[in-house]
Amino acid sequence: MFTPLATALTDRQRIAEKTMEFILQRPTGFDYQAGQHVLLKLTELLFDDKKGPQRTLTLASAPHEESLRLATRMTGSGFKRTVFEGANQKVEIIGPRGNLTRDATRPAVFIAGGIGITPFRSMVLDAAYRQLEQPMTLFYSNQNLARAAFHELFVEIQQKHADIFTYIPTLTSESSGSNWDGERRSLSAAFIEEYVMDWSTSTFYICGPPAMVTAVHEILKSKNVSQEHILSESFWGYEA
Ligand SMILES: Cc1cc2nc3c(=O)[nH]c(=O)nc-3n(C[C@H](O)[C@H](O)[C@H](O)COP(=O)(O)OP(=O)(O)OC[C@H]3O[C@@H](n4cnc5c(N)ncnc54)[C@H](O)[C@@H]3O)c2cc1C
C-alpha cells in the first residue's frame, strides 16, 4: 500500500496534436524507476467524470530529473479537462508502481504506439544519464508526425548517443505529400528484423494501445522470443 503524496501541477504545455504534458512538483523523498507509473488523483473535478477523479499515468520524466512529468492524449474526459484547466492545482500521486523497467544487462528494444511512448522517454533519458552501455533501439509508431510526442528529443538523443541509441519513428498515415522521408510501415517481423539483428539476446519492451501490444506480442512469438524477455504495458481506457 502506498500513502497518497500531496503535490501540485506547476506547468503544462502542448507537445503534439491533442497531447499535453503536465509538470508536477516532486514530493520530498519520492523515488521511482524509469518506466514506472503513478495514480494521479485530483482533489476536485471541475467537470463530471463517471470514472472519478483519478487515472493511472506513466512518469515520462527520468528519475534524475528534478520535476515529475506526465504526458497524455486529451480526450475530453472530465478528468483531463480538469487537469487542463487548473493552474497550480493541488493533486495527489499514489505509487510508484509497475514492472516495465529496464534490464540493464541486455540490449533493449523499445516498441511504442502513440502515447505509449511515455515510459520510453523516461528509460532512454535514464540510460543516457547513467551511461548504460547496452544498446537501445526505439521503434515509435504514430499516424503522423503531428502526433509524435517527444520526436525531436529522440532525434537529438540519437545524434548525441549514436553508439548506444537507434531511433526508428514510423508514420503509418502521414500524407503522401509531406516531406517525411522516414519509415511509414506498420510494425511487422520483417520491419523489426531490418534493425534488430539478434532476437534472442535483446529484451523487448512494448507499450501502447491494447491491440498494438497484442499484435507485437504475436510478432515476437513468431520469432521465438522467450516470454521472460518481453515486458509490456497496455494503455487501456481510450476506447469509449
Ligand atoms: C499502467 C498504465 C499506464 C498508463 N500511462 C498512461 C500515460 O502515460 N499517458 C496516457 O495518456 N495514458 C496512460 N494510461 C491510460 C490512462 O490511464 C487512461 O485510461 C487514458 O488516458 C484514458 O483516460 P481518459 O480520461 O482520456 O478517458 P476515459 O474517461 O477513460 O474515457 C474513455 C473514452 O471516452 C471518451 N470520453 C470520456 N469522457 C468524455 C467526455 N466528457 N467528452 C467526450 N468524450 C469523452 C473519450 O473518447 C475517451 O477516450 C495508462 C494506463 C495504464 C494501465
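Modeller: In what follows, two strands are taken to pair when DSSP finds at least two bridges between them. The model under discussion is a predicted one.

Biologist: How many bridges join β2 to β5?

Modeller: The two strands β2 and β5 run antiparallel. One point of register is given by F22, whose bridge partner in β5 is L70. The number of bridges that join β2 to β5 is 6.

Biologist: In what order do the 6 strands of the open sheet stand?

Modeller: The pairing in this open sheet is antiparallel. Neighbouring strands are turned against each other by 40° on average, direction ignored. The 6 strands stand in the order β4-β3-β6-β1-β2-β5.

Biologist: Which strands have one side left without a neighbour in the sheet?

Modeller: A strand at the edge of this sheet has a single partner strand, so one side of that strand is left without a neighbour. For one such strand, the partner is β3, joined to β4 by 5 antiparallel bridges; in that pair L39 stands opposite T56 in β4. The strands at the edges are β4 and β5 (68-73).

Biologist: Which residue in β6 stands opposite T7?

Modeller: Strand β6 spans residues 90-97 and is joined to β1 by 4 bridges, the two running antiparallel. A further 5 antiparallel bridges join β3 to β6, and there H37 stands opposite R97. On the β1 side, the residue in β6 opposite T7 is V91.

Biologist: At about what angle does α1 run to β3?

Modeller: Helix α1 covers residues 78-85 and lies across β1, β2, β3, β4 and β5. Its angle to β3 is about 80°.

Biologist: Why do the buried residues of α1 lie on the same side of the helix?

Modeller: The residues concerned are F79, T82 and V83. They lie on the same side of α1 because the arc they cover around the axis is only 100°.

Biologist: Which strands are included in what covers the buried residues of α1?

Modeller: The helix lies across strands of the sheet, including β5. The cover of its buried residues, which are F79, T82 and V83, includes β1 (5-16), β2 (19-24), β3 (37-42) and β4 (54-58).

Biologist: Which element gives the largest share of the side of domain 1 that touches domain 2?

Modeller: The domain assignment gives domain 1 (5-97) and domain 2 (108-234), and their C-alpha centres lie 24 Å apart. In the contact between them, 16 residues of domain 1 meet 14 residues of domain 2. On the domain 1 side, β1 and β5 are the elements that give two or more residues. The largest share, 3 residues, comes from β5.

Biologist: How many of the 6 residues of β5 are buried?

Modeller: A residue is buried if 20 or more other C-beta atoms lie within 10 Å of its own. By that criterion β5 is mostly covered. The number of buried residues among its 6 is 5.

Biologist: How many residues does the largest nonpolar core have?

Modeller: This core draws at least three residues from each of domain 1 and domain 2. The residues with the most contacts inside the core are F110, I111, V124, L138, F139 and Y205. The size of the core is 60 residues.

Biologist: With which residues is V124 in contact, leaving aside its neighbours within four places in sequence?

Modeller: V124 is among the residues with the most contacts inside the largest nonpolar core, and L138 is another. With the neighbours within four places in sequence left aside, V124 is in contact with M136, L138, F154, I157 and F165.

Notes. Residues numbered from 1 in each chain as written. Predicted model: local features only at pLDDT ≥ 70, side-chain atom pairs only at ≥ 80, totals over all residues. Buried ≥ 20, exposed ≤ 12 C-beta atoms within 10 Å, placed from the backbone. Arc of directions from axis to C-beta. Contact = placed C-beta atoms within 7 Å. Axes fitted to C-alpha atoms, helices over the stretch in contact; angles between N-to-C directions. Core = buried A, V, L, I, M, F, W, Y, C linked by C-beta atoms within 7 Å. Domains from an automatic or database assignment.
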